[in-house]
Amino acid sequence: DMSGVKFEAKEVCFDGASHSVEISGKLPDGVSSPTYTINGKAGSSATDVGEYTVKATFANSDPNYEAIPEMETILKITPAEYTVKGVDIVFKSESGNVISSATKIYDGKSVTFDLNDYSKLSKKITVSFSVYDKDGKVISTSNKKTNILEVGVYTVRAEFTMADGNNYKPIPPIERTFEVLKAEYPPLQNIQFLPSHSPYDGKAHSIEIEGQLPAGVTVSYEYYKDGKLLV
């Protein structure tokens, strides 16, 4: 009579330890403890995430009894959840100082980014960074820290990969946005654009600015006569 013997399914969350299922209840006299197989191999325990079929096989020493049917149950180990705590993306100036705001005015100097504290991550985790423009187009995908320089809106994503990732739920990425705003060009100093008067002589005449333009600044001209643009 095996009615007092149970072989119940078990579900646990992955924690790196070994888990097993075994029969419970009192075996009848003459029936020895069962032997177990898990997914066809000897034993009744597992560590990694998965669903395992565990079978218990009984033997009785008295030939006057029918063979005892084997029992079967399920051991299920579900993925654990790893929560990233105290870790964030920070933006830094070329000198290495953390930029407290999410914007800066263009000054020709680059902005870098990184995680604020790697020590708060498990050593099993690796981090990769991706940089996107305002339209969601990937600018860079690598482990290297891409410099942010030109005017625009940049989204930096940090993605986390666990070494034994099958045992953990996917770790949500962290995203932060940084914007480089347009700067106002310094006032043009010592630049003159003076009127010119010449008597008609049948030759073409022109006027141009006088002075040295700052680096990066060019000038174009349009000519009007009687308020109409001359092409």
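Here are three short exercises with worked solutions on the predicted model above.

Before you start, note that residues are numbered from 1 along each chain as its sequence is written, and that side-chain values use heavy atoms, leaving out hydrogens and water. Because this is a predicted model, local features need pLDDT of at least 70 and side-chain atom pairs count only at pLDDT 80 or more, while totals for chains, interfaces and linings use all residues.

**Exercise 1. Work out the strand order of the open five-strand sheet, then look at the loop between S3 and S4.**

Step 1. Strands are DSSP runs of E with at least two residues, numbered from the N terminus. The order is S1-S7-S6-S3-S4, and the pairing is mixed.

Step 2. Two strands pair if DSSP finds at least two bridges between them. The edges are S1 (10-13) and S4 (41-42), each pairing on one side only.

Step 3. S3 (residues 35-38) runs antiparallel to S4, with two bridges. Thr37 has Ala42 in S4 as its bridge partner.

Step 4. Asn39 sits in the loop between S3 and S4. Although Asn39 is not a glycine, its phi is positive, about 50°. Asn39 is partly exposed, at 46% relative accessible area (buried is under 20%, exposed over 50%, partly exposed in between, with a 1.4 Å probe and protein chains only).

**Exercise 2. Find the residues with the most contacts inside the largest nonpolar core, and follow one of them.**

Step 1. A nonpolar core joins buried Ala, Val, Leu, Ile, Met, Phe, Trp, Tyr and Cys residues through side-chain atoms within 4.5 Å. The largest one holds 45 residues, and Phe58, Leu115 and Phe160 have the most contacts inside it.

Step 2. Several strands supply at least two residues each, among them S6 (50-57), S7 (71-78) and S10 (112-115). S13 gives the most, with five residues.

Step 3. Now take Leu115. Setting aside neighbours within four places in sequence, Leu115 has contacts (heavy atoms within 4.5 Å) that include Val87, Ile89, Phe129 and Phe160.

**Exercise 3. Place Pro199 and Asp226 in their loops and decide whether each is buried or exposed.**

Step 1. Pro199 belongs to the loop between S14 (174-181) and S15 (223-225). With a relative accessible area of 67%, Pro199 is exposed.

Step 2. From Pro199 to Lys41 there are 158 residues in sequence and 108 Å in space, C-alpha to C-alpha.

Step 3. Asp226 lies between S15 and S16 (228-230), again in a loop. Asp226 is exposed, at 75%, and its phi is positive, near 55°, in a residue other than glycine.

Definitions and conventions: Helices (H or I, at least four residues) and strands (E, at least two) are DSSP runs, numbered from the N terminus.
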